Protein chains: 4
Amino acid sequence: MSKIEVGILGATGMVGQHFIKFLDGHPLFKTAWLGASERSAGKPYNKAAKWHLGGVTPEAVAGLTVEEAKPGNAPKLLFSAMDASVATEIEQAFAAAGHIVVSNSKNHRMDEDVPLLVPEINADHLKLIPGQRETRGWKGAIATNPNCSTVVLTMGLAPLRQFGITRVVVTTMQAVSGAGYPGVPSMDILGNVVPHIGGEEEKMQQETQKIMGDFVDGRVLPLAAKVSAHCNRVAVIDGHLVTISVELAAKPTEADIRHAFDTFRAIPQERNLPSAPKFPVQYMPEADRPQPRKDVERERGMAAFIGRLRPCPVFDWKFVALGHNTVRGAAGAAVLNAELMQSEGLLD
Amino acid sequence: MSKIEVGILGATGMVGQHFIKFLDGHPLFKTAWLGASERSAGKPYNKAAKWHLGGVTPEAVAGLTVEEAKPGNAPKLLFSAMDASVATEIEQAFAAAGHIVVSNSKNHRMDEDVPLLVPEINADHLKLIPGQRETRGWKGAIATNPNCSTVVLTMGLAPLRQFGITRVVVTTMQAVSGAGYPGVPSMDILGNVVPHIGGEEEKMQQETQKIMGDFVDGRVLPLAAKVSAHCNRVAVIDGHLVTISVELAAKPTEADIRHAFDTFRAIPQERNLPSAPKFPVQYMPEADRPQPRKDVERERGMAAFIGRLRPCPVFDWKFVALGHNTVRGAAGAAVLNAELMQSEGLLD
Amino acid sequence: MSKIEVGILGATGMVGQHFIKFLDGHPLFKTAWLGASERSAGKPYNKAAKWHLGGVTPEAVAGLTVEEAKPGNAPKLLFSAMDASVATEIEQAFAAAGHIVVSNSKNHRMDEDVPLLVPEINADHLKLIPGQRETRGWKGAIATNPNCSTVVLTMGLAPLRQFGITRVVVTTMQAVSGAGYPGVPSMDILGNVVPHIGGEEEKMQQETQKIMGDFVDGRVLPLAAKVSAHCNRVAVIDGHLVTISVELAAKPTEADIRHAFDTFRAIPQERNLPSAPKFPVQYMPEADRPQPRKDVERERGMAAFIGRLRPCPVFDWKFVALGHNTVRGAAGAAVLNAELMQSEGLLD
Amino acid sequence: MSKIEVGILGATGMVGQHFIKFLDGHPLFKTAWLGASERSAGKPYNKAAKWHLGGVTPEAVAGLTVEEAKPGNAPKLLFSAMDASVATEIEQAFAAAGHIVVSNSKNHRMDEDVPLLVPEINADHLKLIPGQRETRGWKGAIATNPNCSTVVLTMGLAPLRQFGITRVVVTTMQAVSGAGYPGVPSMDILGNVVPHIGGEEEKMQQETQKIMGDFVDGRVLPLAAKVSAHCNRVAVIDGHLVTISVELAAKPTEADIRHAFDTFRAIPQERNLPSAPKFPVQYMPEADRPQPRKDVERERGMAAFIGRLRPCPVFDWKFVALGHNTVRGAAGAAVLNAELMQSEGLLD
């Protein structure tokens, strides 16, 4: 089978580069089209963009000519790494023109008719798409993945949903790669912690409720749980680590919870989607793990790592969770979304 | 007035060095005696100990001869920086011999008859000392300061005690200097976070309840509030930053809480103790402060800096707090305790 | 004596903030005027500029109204922290209008009639100013200080000039604060070294020859020594550390060189200028010093620290040197230049 | 073909773990025996040693029982990661017992009859082994690889040997992983540079001369070039970056040198040894590369990356070089040595 050609909107930015890197060698998709601003259009990619990730620009992409981010000769499936300042208009233009836009941008995440997907948690939210098409008159569609810190939290909570999540207090320690390039100035973060990331706490709180909500009668009912987030930037390159205190209605035992973590699997695993880790949530029994630098690259960055499950004097249980913010929290998340959509026939 | 001569137990370790540095130039106390292990005894200090802090060994101490940590010719007031593995026996020997041991070690903190002091919060816990002397048959006494992360939490909570603290969830991001020397290996912390500090969470939870407890009928009744701590090590040199979600019975408004922070003062301020900051708790209105590297050295490291007060979707309010772990959380805390005790006549 | 009022050109940038901080509490000068771009003009300083250094904006400056950087009501003495893109024109306009512009910008450093000063090395280069005024028709004048890495190198070499410096190979490990704000992206420097700083090597090579040159017949004859620089950025906040291999014609012994370092003093010390350290070059005998984080703040950042003097298998001797790039390499350097000029009567 | 079973001496230390990691999945060798101190003997590896590298202990090794590091049932080929304090005696005991000891320890590197190998540079130094066996009465043998910083320097210089290297000044910026575990305390290196690594400069200077020397009449004549090293520790996890100024007798042009770098290949490439990179020296044309964090993992850490070739005002040329200190500078170096020896029939 020949690979499906895909395009990247916003290909020259940091998230665009993460898409290029993650898709390099992908068994199903092949990067064939790069969209960016007018300024970059017409140049070969490696002239239009300085490569900010490790190593050098993948060969298969280095020579591709960048095009302007307008519908025309782009492939049907597009990954969007557009900056929020321009994503709304551009993504809608492509969806209207019949493209499937799988977006990492925040702009449409909270739209009632747009799926905010974590395939292991809410694959059924894809059922929003027919309504989206009808309402908006689109032949194409937009699907989104969550904010990078939300993914870590929701994957850590997903196995516990069965116990009735009622309250969550979460503190994040987030990597600088989450802020793009040039992103966080070194003068601000070397030997430091910055206890503020603009808009991040609101995103984590709202997106979590939507992601973990039920699809009922054509729409998503947000999870009723209360969620409070404290977001911080730390001097880490890749990997968001979060501490979680959670109240659970069913009062499970430690063994119940460990069993839930250890056995958690979902549709991406059942369908053996190419980017799905065999075990999406992996519990580490070591006393001081997971740790960003030591664990973030495991499972190609697609699993969430959990550790330190212990009773919480305030709520029921507390633990830590780690996820790769630019992979599972961005490019990899969107690619897994596209794999899920492909498995549903939505790319046909 | 000539200065009061003081000694340091465990003078060659990292905490001992922090005592030497903090006492350098102190208006009331003068370091005149250095106690350490047999191995160091008899050597001038700058031969016995490599200086690990910034700059070089203060001149007034560099040439002092280190003595073995045994009662004998030590001054009455001793600051203890002894390692926990030996502190119990040595501190008790000195107290029995009539010395006032103001200790940073954890060994006696939770003893029922030993004050665990934060002078701005529980100066009245010094009333435990008469009972301590009676029970133990000591002429001297032991008083302690809290664990470095506990100080930050309790100073952040102190102004809110009036509103009825019932539940607290706290996550720490702690500096490496808290682990002494050699302490945290660089291979573990560079570009990383370690979500575990042995015994720290238990200390924070228990010590907070004791510190904020009331002295009633000769003993301390622990605060009934539930406290849950998540402790993490980050790549910061000095300064523990904590995020706090707090439930308050009296349901104060934001203005009530800001007023409580801004006006908080206590006995050390009233008595103008030399190491007491004019305002022990300082609220920073900037969106992204306090930050360890930018704020930790302000007020000579003796104040707690607060920021980001905002409603908490789970409890009532959330905010961040910062304190200098080796100053307000160790050497400076003990020195302030001694200043308080001196002002009470306990050193006479 | 009332203080001399001074102004800062480019007051809202990072270097401008270093000037404000260094001048806070200065015994001779008082910041009374702040010049910046049209965009900032008319605002109080703490509204016009976010404070990027430790702590908060000094009180005495926070409320000063920023003015446009044009001659008019500015004081006679101006410190320039202008960006290189605009410094040429603005500094010249002020000099033409009669101001003494003591500049940290690179624009005029290599002009034949502009002194490039390190007061301990070439105070006599101030003799260029009469010629500068005559040639350019100025009532005022421009004097400059070197690039931050050049200062460290030249102060390390200054005591050795008597031995006939013929060849120098220097490698720098430079702090991120040298690049201003936002400056070096954290994605580029966390856990990394960047072996390139645009234009830095050329500056070090040329400026060193000019600074260490002799003033003869109205002009400066550059030092004939060959200098080769390798410049690198490292994950350090403040302090440039350099390794130096040097060939010396007179073949001094180790004792000769140590004596030269230990006894080095010059005009700023003789005149007891307020910002001059008692010993501008300080040799540290410890095996592993100086180190940026541990030594950079000593002597208020105004001394150069030297260490590890040892024979070089290729040239005669090798050693390391450290200096504070934003103090001795920028704001402090310019202030010391102004103090020197004041002592010469050039501000009258 | 079944794999050759190999053992690791000093398997529980940091270098031992690097061997285990590098050999995991090796096409020719299989880790079948683990030797360590008496204290660890008898335990399964994952109980005897905490895993300090990224991820978790490779499955194939986790359950192997550690044995005492004494000849007996060990395989013929042994990789030695023994600590220098015990390596001499243990390695010699194994060589005497007929084992081929391919050592990363420094103890035998400078012995006249022991090859100090960089297979791309001096494969012919293996000819020392017959003499070694005769002199020492061994059936086995010892071969060594250089110190981690020496490898980077010599691979950077190797292509230039044809031009007559006469003088070299090199400054290193070395990663903390080179110091093992716990190694460099975080208090010493966070936001800092340490301009001293005990014994490192002498090793670089001497080893370089031996490695690049000619094998003549049964012994190695050291290269006559003068080499001066300045060694520094920086806050980098993996990858030693060095700056090099080099004097070349033949006065090649820039094009000559670029050609030399670009075409450099040697015996490991000719024989297609499994761990040999296709191009052992790779020139990067970007202005600011190579960089440790961005380039060190390329080519599985087995190539040296070169950049910034430019004229040197003091010598002829200057450039930077980067190599992976725990791979090409330790475990990978030894494994490549063993592959070379296998290709020579020395393991039969």
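Helices and strands here are DSSP runs numbered from the N terminus, a helix having at least four residues and a strand at least two. The model shown in these views is predicted.

**View 1. A cis proline follows A:Arg289 in chain A.** The peptide bond that links A:Arg289 to A:Pro290 is cis, and its omega is near 0°. A:Pro290 belongs to the loop between β13 (281-284) and α12 of chain A.

**View 2. A cis peptide bond precedes C:Pro182 in chain C.** The bond runs from C:Tyr181 to C:Pro182, with omega near 0°. C:Pro182 is placed in the loop between β7 (165-174) and α8 (186-189) of chain C.

**View 3. Chain A and chain B meet through 36 residues from chain A and 36 residues from chain B.** On the side of chain A that touches chain B, two or more residues come from each of β7 (165-174), β8 (193-194), β11 (226-234), β12 (240-248), α12 (292-295), β14 (304-311) and β15 (317-323). β11(A) gives the largest share of this side, 6 residues. By class, the residues of this side of chain A are 17 nonpolar, 12 polar and 7 charged. A turn of 180° with a shift of 0.0 Å along the axis lays chain A on chain B, with an RMSD of 0.0 Å. Both copies use the same surface, since 100% of the contact residues of chain A recur in chain B.

**View 4. The contact between chain B and chain C joins 8 residues of chain B to 8 residues of chain C.** The side of chain B that touches chain C holds 1 nonpolar, 3 polar and 4 charged residues. Chain B is superposed on chain C by a rotation of 180° with 0.0 Å of shift along its axis, and the RMSD is 0.0 Å. The two copies are therefore related as by a two-fold rotation axis. The C-alpha of chain B nearest this axis belongs to B:Gly191, at 3.2 Å from it. The copies meet through the same surface, because 100% of the interface residues of chain B are also interface residues in chain C.

**View 5. An open sheet of 6 strands in chain B has the order β10-β7-β11-β14-β13-β12.** The pairing in this sheet is mixed. β10 (226-233) and β12 (281-284) of chain B each have a single partner strand and stand at the edges, so one side of each is left without a neighbour in the sheet. On average, neighbouring strands of the sheet are turned by 25° against each other, direction ignored. Strands β13 (residues 304-311) and β14 (residues 317-323) of chain B are paired in the antiparallel sense over 5 bridges. Opposite B:Pro311 stands B:Trp317, a residue of β14(B).

**View 6. C:Ala321 belongs to the largest nonpolar core, which has 462 residues.** A:Ala321, B:Ala321, C:Ala321 and D:Ala321 touch the most other members of this core. Leaving aside neighbours within four places in sequence, the contacts of C:Ala321 are C:Val152, C:Leu153, C:Gly156, C:Val242, C:Ile244, C:Ala304 and C:Ile306. In soluble globular proteins, nonpolar side chains tend to be buried together.

**View 7. Strand β6 (residues 141-144) of chain C is covered on both faces.** C:Ala141 and C:Ala143 are buried on one side, and C:Ile142 and C:Thr144 are buried on the other. Strand β5 (residues 100-103) of chain C runs parallel to β6(C) and is joined to it by 4 bridges. C:Val101 has C:Ile142 of β6(C) as its bridge partner.

**View 8. A:Val335 sits in helix α13 (residues 327-343) of chain A.** A:Val335 counts as buried because 25 C-beta neighbours lie inside 10 Å, where the cut-off is 20 or more. Not counting residues up to four places away in sequence, A:Val335 touches A:Phe22, A:Leu23 and A:Ser275. A:Phe22 is 313 residues from A:Val335 in sequence, while the C-alpha to C-alpha distance between the two is 8.4 Å.

**View 9. A:Asp217 and B:Asp217 have positive phi values.** Phi is near 50° for A:Asp217, a residue other than glycine, and about 50° for B:Asp217, also not a glycine. A:Asp217 lies in the loop between β9 (214-216) and β10 (219-221) of chain A. B:Asp217 is in the loop between β8 (214-216) and β9 (219-221) of chain B. A:Asp217 is exposed, with 6 other C-beta atoms within 10 Å. B:Asp217 is exposed, with 6 other C-beta atoms within 10 Å.

Terms used: Residues are numbered from 1 along each chain as its sequence is written. Chains are lettered from A and ligands numbered from 1 in the order in which they are written. This is a predicted model: local features need pLDDT of at least 70, side-chain atom pairs count only at pLDDT 80 or more; totals for chains, interfaces and linings use all residues. Two residues are in contact if their C-beta atoms, placed from the backbone, lie within 7 Å. Ala, Val, Leu, Ile, Met, Phe, Trp, Tyr, Cys and Pro count as nonpolar, Asp, Glu, Lys and Arg as charged, and the others, Gly among them, as polar. Copies are superposed by least squares on the C-alpha atoms of residues with pLDDT of at least 70 in both. Two strands pair if DSSP finds at least two bridges between them. Axes are lines fitted to C-alpha atoms, for helices over the stretch in contact, and angles run from 0 to 180 degrees between N-to-C directions. A nonpolar core is a set of buried Ala, Val, Leu, Ile, Met, Phe, Trp, Tyr and Cys residues joined through C-beta atoms within 7 Å. A residue is buried if 20 or more other C-beta atoms lie within 10 Å of its own, exposed if 12 or fewer, and partly exposed in between; C-beta atoms are placed from the backbone.
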